[in-house]
Amino acid sequence: MLLEHIQQPDDLKKLTVSDLESLAQEIRQFLIEKLSVTGGHLASNLGVVELTLAMHYLFNSPRDKFIFDVGHQSYVHKMITGRMHLFDTLRKYKGLCGFVKRSESEHDVWEAGHSSTSLSAAMGMVTARDLKGEDHRVIAIIGDGAMTGGMALEALNHIGHEKRRMIVILNDNEMSIAPNVGAIHNYLSRIRTDKHYRKAKEEVENLLKKIPAVGGKLAKTAEKLKDSLKYLIVSGVLFEELGLTYIGPVDGHNLPQLLEAMKQADQVQGPALLHVLTLKGKGYDPAERDSHKWHGASSYKIESGQMLKVVGPPMYTEVFGNTLMELAEMDDRIIAITPAMPSGSGLIKFAERFPGRMIDVGIAEQHAATFSGALAMEGMKPVFAVYSTFLQRAYDQVVHDICRQNLNVVFAIDRAGFVGPDGETHQGVYDMAFLRSIPNMVLMMPKDENELRHMLKTALDYGEGPIAVRYARINGLGVPLDRELHSIPIGTWEVVRPGEGIAVLAIGPMVQVAEQAASVLQQQGIHIRVINARFVKPLDEAMLIQLSREGMDLITMEEGAAMGGMGSAVLEFYARHDIFGMRVKNLGVPDYFVEHGGIQDQRKETGLTVERLITEVRSMLPRKREAAGLT
């Protein structure tokens with residue numbers, strides 16, 4: 001076994017290329033076995049085994065900087081850099097992170113959970129390197145899908161303009177490998193990157209230019225001939241025109257070819273783009289057959305590839321997708337838009353039923369938002385289905401293109417709240433704060449899956465501007481689902497449990513937490529009121545005024561940022577109306593990034609639990625009794 005002797009990248013350098021090929025198979029087996037228990041990003045990591053080994057074999061991390069786009073394909077990198085023993089804790093609370101994590105290792109130099117950031121980061125690092133007079137390498141590894149992100153294209157434009165020395169590895173896992181085309185490309189790459197060839201070409205051009213009268217024309221003709229050959233044969237013309245030297249494509253599972261191509265890229269004095277063809281899920285048949293399903297896998301049976309999912313009520317995502325199909329049957333103006341997340345957003349069935357009305361724009365959240373706005377302007381009913389964490393990337397478009405023009409776009413915000421194993425890069429806890437500050441926006445969240453159905457109906461019936469419904473990455477409560485859907489009056493809350501003295505204003509999953517706490521307190525003779533504060537904007541101002549008239553103390557509870565969230569909105573309302581004398585305590589996510597783990601672990605860490613709520617209610621009781629003359 002070679003794997004047990006690999007503790008740091010330097011251990012690889014003692015091996016032969018043949019040893020590396022054997023090691024690659026051991027790494028695949030390790031990942032298949034470990035992730036069958038923990039779950040994780042299996043297909044993407046199986047696809048980059050040889051690529052990661054080649055990088056660490058040739059280059060010298062951490063002196064040379066490896067920047068993984070998104071970072072979900074960094075498992076092999078983690079294994080090689082001394083973290084193999086931690087894989088039993090992968091994505092668990094206080095365990096190994098599923099993405100690159102700077103606090104874990106000096107070899108992790110850039111953190112990302114969002115796509116298309118690696119090229120900008122690499123450009124920043126090479127600029128700093130050059131200004132400091134250093135000479136290490138900077139290598140960005142980016143997937144072909146991430147190239148649809150506008151940020152990646154902006155960075156490519158800058159990289160080509162500056163022409164600083166760096167390597168961009170384009171991990172292309174969509175194309176098949178054509179040996180004949182690949183051979184031509186490899187041959188041209190060797191010629192174009194060979195220092196002797198470059199020197200000879202320059203000398204010939206200089207010689208031609210010195211010939212009296214005709215030298216300049218001959219040089220231009222030679223240049224045109226060279227360019228014509230390049231345009232005829234080389235598919236990397238786009239990158240060449242942007243100013244990068246294109247190398248490839250190369251078989252990403254052929255270590256000798258990979259190593260040779262990386263050596264060629266390392267010889268380029270400016271930016272080089274190495275085009276590597278890989279197969280997602282390589283080495284595990286179920287993942288090779290359906291890499292989409294195995295992108296982010298739950299635990300599974302290795303032999304059959306059967307996912308081991310907990311049986312229970314459907315997830316909110318599934319309820320959303322099914323309800324949207326019901327509504328789309330009755331209104332052909334409804335169009336679903338997703339930025340490369342059709343499965344994660346529950347739209348696969350919708351796409352099958354309405355193929356022309358489900359539009360996947362790729363990893364392009366900004367475009368998706370403005371595109372949705374234009375659809376709305378033309379009388380359609382766009383539903384922009386997007387994870388909370390990815391909606392952050394389209395903030396300017398939400399403000400400038402949609403809300404400012406008051407366009408009737410429906411935002412279906414999935415993964416709102418804690419997201420568990422994906423952790424801090426994906427926590428959906430900020431959208432309430434950043435959306436409620438935008439004029440014209442309506443923002444709501446259901447207490448259960450049945451209310452989600454009615455909220456989606458509400459959003460699609462609403463014709464006065466942008467409206468958002470957010471929902472969690474959890475299973476529903478198993479409540480009955482109404483067959484007939486109805487709209488909920490905008491800005492209205494509901495009392496789900498009567499009580500006196502203290503009221504808990506809860507939203508989304510926190511309503512259930514509040515009800516559980518209320519049940520415990522009721523057994524002790526304490527009767528608190530529980531309110532489903534389902535609209536964050538607008539608030540139910542009539543109910544807030546009534547609560548003040550009753551002299552109620554309030555506790556707000558939300559699985560969202562405490563700063564700027566629903567609780568802040570309540571405090572702002574009372575301050576704006578000069579209503580004082582009430583105590584309002586806000587329970588929400590504190591002002592730091594909450595790391596990966598189970599959702600219950602994350603709630604416990606941040607105090608969003610039944611026990612914490614009971615403690616807060618009890619801390620308010622002495623003053624309530626004193627005010628009532630009972631002490």
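**Exercise 1. Aromatic pairs**

Task: Find how many aromatic pairs there are, and describe how Y284 and Y300 are arranged.

Solution. The count comes to 13 aromatic pairs. The structure is a predicted model. One of the pairs is formed by Y284 and Y300, with 5.9 Å centre to centre and 40 degrees between the planes. Planes under 30 degrees apart count as stacked and those over 60 as edge-to-face, so an angle that falls in neither range is called tilted. The Y284 and Y300 pair is accordingly tilted.

Next, place the two rings in the chain. Y284 sits in the loop between strand 5 (271–277) and helix 12 (285–289), while Y300 sits in the loop between helix 12 and helix 13; they are 16 residues apart. Finally, check burial, for which the limit is under 20% relative accessible area. Y284 has 5% and is buried; Y300, at 3%, is also buried.

**Exercise 2. F384 and F411**

Task: Describe the pair F384 and F411, then follow F411 into its surroundings.

Solution. Step one is geometry: the pair is tilted, with 6.1 Å centre to centre and 55 degrees between the planes. Step two is location: F384 belongs to strand 8 and F411 to strand 9, 27 residues apart. Both F384 and F411 are buried.

Step three is the contact list. Leaving out residues up to four places away in sequence, F411 touches F384, L391, V398, I402, M441, P466, I467, A468 and V469. Step four widens the view to the largest nonpolar core, which has 82 residues; F411 is among those touching the most other members, along with F320, L324, L435, W493 and L547. Helix 13 (residues 316–330) supplies the largest share of this core, seven residues. A second, separate core has 56 residues, including V76, I247, L255 and A297. As background, nonpolar side chains tend to be buried together in soluble globular proteins.

**Exercise 3. An open sheet**

Task: Give the strand order of the open sheet of seven strands and identify the strands at its edges.

Solution. The order is 7-6-8-9-11-10-15, and the pairing is mixed. Strand 7 (358–360) and strand 15 (535–537) are at the edges; each has a single partner strand, so one side of each has no neighbour in the sheet. From one strand to the next, the twist averages 20 degrees.

Now take one pairing inside the sheet. Strand 9 (residues 410–414) and strand 11 (residues 467–470) run parallel and are joined by four bridges. V410 has I467 as its bridge partner in strand 11. Then add what packs on the sheet: helix 15 (residues 365–377) touches strand 6 (334–338), strand 7 and strand 8 (381–387), and its direction makes about 160 degrees with that of strand 8.

**Exercise 4. The faces of helix 21**

Task: Work out which residues of helix 21 (residues 541–549) are buried and what covers them.

Solution. The buried residues are M543, L544, L547 and S548. Viewed down the axis of helix 21, they fall within an arc of 140 degrees, so they line one face. A542 and R549, on the other side of helix 21, are exposed. The cover over the buried residues includes strand 12 (494–497), strand 13 (502–506), strand 14 (529–532), strand 16 (553–561) and helix 22 (566–576). After helix 21 comes G551, with a positive phi near 70 degrees.

For contrast, turn to helix 3 (residues 49–58). Nine of its 10 residues are buried, so helix 3 is largely enclosed by the rest of the structure.

**Exercise 5. Backbone exceptions**

Task: Locate the cis peptide bonds at P249 and P538, and state whether K94 and S116 are buried or exposed.

Solution. Start from the usual case: most residues other than glycine have a negative phi, and most peptide bonds are trans. G248 and P249 are joined by a cis bond with omega about 0 degrees, and P249 is in strand 4 (residues 245–251). K537 and P538 are joined by a cis bond with omega about -5 degrees; P538 is in the loop between strand 15 and helix 21.

Then consider positive phi. K94 has phi near 65 degrees and S116 has phi near 75 degrees. K94 lies in the loop between helix 4 (75–83) and helix 5 (118–131), and S116 lies in the loop between helix 4 and helix 5. K94 is exposed, at 62% relative accessible area, whereas S116 is buried, at 1%.

Methods:
Residues are numbered from 1 along each chain as its sequence is written. This is a predicted model: local features need pLDDT of at least 70, side-chain atom pairs count only at pLDDT 80 or more; totals for chains, interfaces and linings use all residues. Side-chain values use heavy atoms; hydrogens and water are left out. A nonpolar core is a set of buried Ala, Val, Leu, Ile, Met, Phe, Trp, Tyr and Cys residues joined through side-chain atoms within 4.5 Å. Buried means under 20% relative accessible area, exposed over 50%, partly exposed in between (1.4 Å probe, protein chains only). Helices (H or I, at least four residues) and strands (E, at least two) are DSSP runs, numbered from the N terminus. Contact means heavy atoms within 4.5 Å. Two strands pair if DSSP finds at least two bridges between them. Axes are lines fitted to C-alpha atoms, for helices over the stretch in contact, and angles run from 0 to 180 degrees between N-to-C directions. The arc is that of the directions from the helix axis to the C-beta atoms. Rings of Phe, Tyr and Trp (its six-membered ring) pair if their centres lie within 6.5 Å; planes under 30 degrees apart count as stacked, over 60 as edge-to-face and the rest as tilted.
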